[in-house]
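Student: Before we get into the details, could you put the model up on the screen? I'd like to go through what the labels rest on.

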Amino acid sequence: MTDREPHGGDALDREFDEALALAKDQGTYQRRPETWPERPEPPEPPEWTDPWDPTPQDPTSQDATPQAPASQSRALRDPAFPDPAFPDLAFHDPALHDPTATATDRARPPQGPGHHRPGTPWPDARAIAARAPQKAAAKAAPLARPLADALGHVLAAPLTALTDLPSFDTSAMDGWALAGPGPWRLPAAGHSILAGHAEADPLPDGHAIRIATGARVPPGATAVLRTEHGTTHGTEHGTAGDGWLYAAPAHPVSPGQDIRPRGQECRSGDLLLPAGALITPVILGLAAAAGYDELPTVPRPRVEILVLGDELLRQGLPHDGRIRDALGPMLAPWLRALGAEPLATRRLADDAESLYEAVAGSSADVVLTTGGTAAGPVDHVHPTLRRLDAELLVDGVAVRPGHPMLLARLAPDKHLVGLPGNPLAAVSGLLTLAEPLLRTLTGRPTPTPCPAPLTAAVHGHPRDTRLVPVVFRGDEARPLRFNGPAMLRGVAVADGLAVIPPGGADRGSEVEILDLPWSTAWPGT
């Protein structure tokens, strides 16, 4: 086996090379011994592999489902075969070899004479992204939108009632409006009060009149008797009326029964919703009931997407070393779900001048790039930012996957988010930098953290946070396989991403779960 020197290439390879170079600097690198325990050949995978781990079976059973390779397992890896997705030489640490070690043991900083410059801590990067556009967001003028166009937007001002709700006393049921105790004298046939009609004449004491649900209760009415609880009679008592109404003995009448009084829901001027509320179909209905024809909304930030890479195909099957563009179809809908307005998705070759012209000439509030954020021969994002005299706010984040992500301020009201080119690493960048930035620009409130216990232990990076796709099973979060930087199969069926601290998390540990935007956004918004 020969020493492997760092080079460019796939992000996972670069991660390995960086860690290997670090180990050599620290003097902890060890050559593979001449004799090595023979590793059994993995079984052939089935045509369909469930993203969830299979139900544990007796390994001696002939029907036992083949287990996933170590790099895809949710449990702590076998120290004899460390996970190649995390090759920081952390497997030389005895705490990581020890199967009884806790997450705290695994989280301690690595020891050694070498020095490693980590990226911005993951929580700090999210906080920086959320603060970055505060001045721009404060200057944005509200945009009045008709109710028909307001779905999915964000309220720019508090919603207060323009009228009492209901605005007059109304009947809650079909039946009779009553005045005083019964029995009640009925008017001539055909007399009734319907919804949408002007106020009826006062109802004399001892009288009743037919009334429909939602109709205005006449002056003098003290209750409403439901149709199914009343009985009418002709002239049994010898009086000269058109009939009498009696309440069923099992349903005696009480004052105010089945009347919705004016202002029961709110009074004019009451606060209904705060600024920052996401406008849902129900909010549209409430606003209409409260007297609104249009709503003040936060303008949606405009985003231009630049997908970089000579190797990307827009259609067909991969061939001749080229691969399909997975991010182009995904990013615009994702950003729209975050409240942004995607202007365009442009695909650029790995050319420095093309990237410079695209970024410099963009009219968007946010430019979002994919790939080109590392230091390879065709990674042109950093040189472009230097040419534009941009302010680099975040240059690398201590998170896996996705550590080469970045955030820059191009102008006081304009930002650039640089995502890694690997699909799951790009998702990590969306949740780490793009989501907090757009949340501030759209005026949405900070989500409440949602912790959940893990159903299985999750291997951790020795220094960096990990984001791992999970699915909820009851109140617990079950980690999913297929969580490598280039994989979307796990996150495609996930309910969220678990935030795994450095060193990993044990089974039953409560970790923060990041929501995916389609679980909280309305389709088409």
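**Reading the labels**

Student: Why is Cys266 called buried?

Tutor: Buried means under 20% relative accessible area, exposed over 50%, and partly exposed in between, with a 1.4 Å probe and protein chains only. Cys266 has a relative accessible area of 3%, so it counts as buried. Keep in mind that this is a predicted model, where local features need pLDDT of at least 70, side-chain atom pairs count only at pLDDT 80 or more, and totals for chains, interfaces and linings use all residues. Residues are numbered from 1 along each chain as its sequence is written, and side-chain values use heavy atoms, with hydrogens and water left out.

Student: And what makes Cys450 partly exposed?

Tutor: Its relative accessibility is 32%, so Cys450 falls in the in-between class.

Student: How many disulfides does a search of the whole structure find?

Tutor: Zero. To count, a pair of cysteine sulfur atoms has to lie within 2.5 Å.

Student: Two aspartates next. Which class does Asp258 get, and which does Asp320 get?

Tutor: Asp258 has a relative accessible area of 17%, so it is buried. Asp320 comes out at 72%, so it is exposed. Asp258 has a positive phi of about 55 degrees although it is not a glycine, and Asp320 also has a positive phi of about 55 degrees without being a glycine. Asp258 sits in the loop between strands S11 and S12, while Asp320 is in the loop between S16 and S17.

Student: What makes a stretch a helix or a strand here?

Tutor: Both are DSSP runs numbered from the N terminus: H or I over at least four residues for a helix, E over at least two for a strand. The protein chain has 10 helices and 28 strands.

Student: How do you know that the buried residues of helix H4 are on the same side?

Tutor: Those residues are Trp122, Ala125, Arg126, Ala129 and Ala130. They cover an arc of only 135 degrees around the axis, so they lie on the same side of H4. That arc is taken from the directions from the helix axis to the C-beta atoms.

Student: Why do strands S7 and S9 count as edges?

Tutor: The open sheet has four strands in the order S7-S8-S5-S9, with mixed pairing. S7 and S9 each have a single partner strand, so one side of each is left without a neighbour in the sheet. Two strands pair if DSSP finds at least two bridges between them. S5 and S9 have four, in the antiparallel sense, and Trp176 stands opposite Leu225 in S9.

Student: Which side chains of strand S14 are buried?

Tutor: Leu295 and Thr297, which point to one face, while Glu294 and Pro296 point to the other and are not buried. Strand S2 runs antiparallel to S14, joined by four bridges, and Leu143 has Thr297 as its bridge partner.

Student: Why is His461 called buried?

Tutor: Its relative accessibility is 0%, so His461 is buried. The side chain of His461 also makes a polar contact with that of Arg400 at 3.4 Å. The cut-off is a pair of N or O atoms within 3.5 Å; within protein, one must be able to donate a hydrogen and the other to accept it, and residues adjacent in sequence count only if both atoms are side-chain atoms. The peptide bond from Arg400 to Pro401 is cis, with omega near -5 degrees.
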